[in-house]
Amino acid sequence: MASVAGRAAASTRDVFPPLPRAVVQSFYRRMRAVAPAAVGAIERDRTGDPDRSFADTACGRLARSLDDAGLRALGMWTHHWCMRFYDDDTRVGRRLVREIADRPGLGWTADEVRWMLRESVAAGPAAAERFTLPRAAAAQLPPGESPLDELPADEPPTRPGDAVVPRQREAVVPRQRRAG
């Protein structure tokens with residue numbers, strides 16, 4: 001797996017200024033609490049039937065076992081994981097993110113949404129579903145508090161299904177010198 005964020009993460013500072021250290025630390029503390037269960041559930045679901053209903057998966061059982069704050073932490077952790085390693089291997093994680101995004105009334109905060117947006121912008125268009133959870137979470141905020149308005153014009157939040165296919169640069173192969 002390769003990170004899609006890479007060096008681009010540093011360029012997002014201008015888009016979303018860093019949150020206070022204490023706020024970010026509280027996010028990581030909450031995410032660390034759900035991470036072991038999330039990793040286990042995702043690993044079990046990777047080996048399972050991909051067509052199984054979400055409720056019958058390990059991720060579905062984990063999501064049902066959490067209160068709203070725990071589900072927000074699970075969503076943030078899974079979003080973070082998917083933004084760092086966005087490829088076919090994150091299919092189960094992206095499904096979990098979509099399921100959490102469909103849950104109304106989770107009590108998202110503007111800071112949580114800003115944190116996810118910053119990671120989404122850093123991931124770039126290679127991560128086609130990068131705005132799924134931040135968009136859903138922002139929609140649950142009171143009017144006028146949406147950090148989506150802070151996105152630059154050249155970084156529109158894509159909607160699920162808006163596929164962005166990254167183009168790979170053509171490899172330059174050095175010509176071999178003829179002996180002679």
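**Exercise 1. Secondary structure and overall burial**

Determine how many helices and strands the protein chain of this predicted model contains, and in what order the elements run.

*Solution.* Counting the elements gives 6 helices and 0 strands in the protein chain. Read from the N terminus on, the order is therefore α-α-α-α-α-α, given that helices and strands are numbered from that end. Turning to burial, 42% of the 180 residues in the protein chain are buried, while the accessible surface comes to about 10600 Å², with 51% of that area belonging to carbon and sulfur atoms. As for the contacts between residues at least 6 apart in sequence, 75% of them join residues at least 24 apart.

**Exercise 2. Where the model can be read in detail**

Establish the mean pLDDT of the protein chain, and find stretches in which the pLDDT stays under 50.

*Solution.* The mean pLDDT of the protein chain is 80, and 76% of its residues reach 70 or more. In the comparison of confidence, the lowest mean, 90, is found in α5, and the highest, 97, in helix α2, which spans residues 58–65. Over residues 1–12, by contrast, the pLDDT stays under 50, and the model has 24 contacts for this stretch beyond four places in sequence. Residues 158–177 also have a pLDDT below 50, with 11 contacts in the model beyond near neighbours in sequence. Where pLDDT is low, the predicted coordinates should not be read in detail.

**Exercise 3. The aromatic pairs of Trp 115**

Describe the geometry of the pairs that Trp 115 forms with Phe 27 and with Tyr 28, and explain which parts of the chain they tie together.

*Solution.* A search of the whole structure finds 3 aromatic pairs. One of them joins Phe 27 and Trp 115, whose ring centres are 6.2 Å apart and whose planes stand at 70 degrees; the pair counts as edge-to-face because this angle is over 60 degrees. Since Phe 27 lies in helix α1 (residues 21–46) and Trp 115 in helix α5 (residues 110–123), the pair ties together parts that are 88 residues apart in sequence. Both Phe 27 and Trp 115 are buried.

The pair of Tyr 28 and Trp 115 is likewise edge-to-face, at 5.9 Å centre to centre and 85 degrees between the planes. Tyr 28 lies in helix α1 and Trp 115 in helix α5, so this pair ties together parts that are 87 residues apart in sequence. With a relative accessible area of 27%, Tyr 28 is partly exposed, whereas Trp 115 has a value of 7% and is buried. Taken together, Phe 27, Tyr 28 and Trp 115 form one aromatic cluster.

**Exercise 4. The buried residues of helix α4**

Identify the buried residues of helix α4 and the helices against which they pack.

*Solution.* Helix α4 covers residues 91–101, and its buried residues are Val 92, Gly 93, Arg 94, Leu 96, Val 97, Ile 100 and Ala 101. These buried residues pack against α1, α2, α3 and α6, the last of which spans 132–139.

**Exercise 5. Two partly exposed residues**

Locate Leu 66 and Arg 84, and classify the accessibility of Leu 66 and of Arg 84.

*Solution.* Leu 66 is placed in the loop between α2 and α3. Its relative accessible area is 25%, so Leu 66 is partly exposed, as the value falls between 20% and 50%. Not counting residues up to four places away in sequence, Leu 66 touches Leu 71 and Leu 74. The C-alpha atoms of Leu 66 and Val 34 are separated by 9.4 Å, although the two residues are 32 residues apart along the chain.

Arg 84 is found in helix α3 (residues 68–84), and at 39% relative accessibility Arg 84 counts as partly exposed. Between the C-alpha atoms of Arg 84 and Ala 122, which are 38 residues apart along the chain, the separation is 9.4 Å.

Notes. Residues are numbered from 1 along each chain as its sequence is written. This is a predicted model: local features need pLDDT of at least 70, side-chain atom pairs count only at pLDDT 80 or more; totals for chains, interfaces and linings use all residues. Side-chain values use heavy atoms; hydrogens and water are left out. Rings of Phe, Tyr and Trp (its six-membered ring) pair if their centres lie within 6.5 Å; planes under 30 degrees apart count as stacked, over 60 as edge-to-face and the rest as tilted. Helices (H or I, at least four residues) and strands (E, at least two) are DSSP runs, numbered from the N terminus. Buried means under 20% relative accessible area, exposed over 50%, partly exposed in between (1.4 Å probe, protein chains only). pLDDT is the predictor's confidence in each residue, from 0 to 100. Contact means heavy atoms within 4.5 Å. Accessible areas come from the Shrake-Rupley method with a 1.4 Å probe; for residues, only the protein chains shown count as cover.
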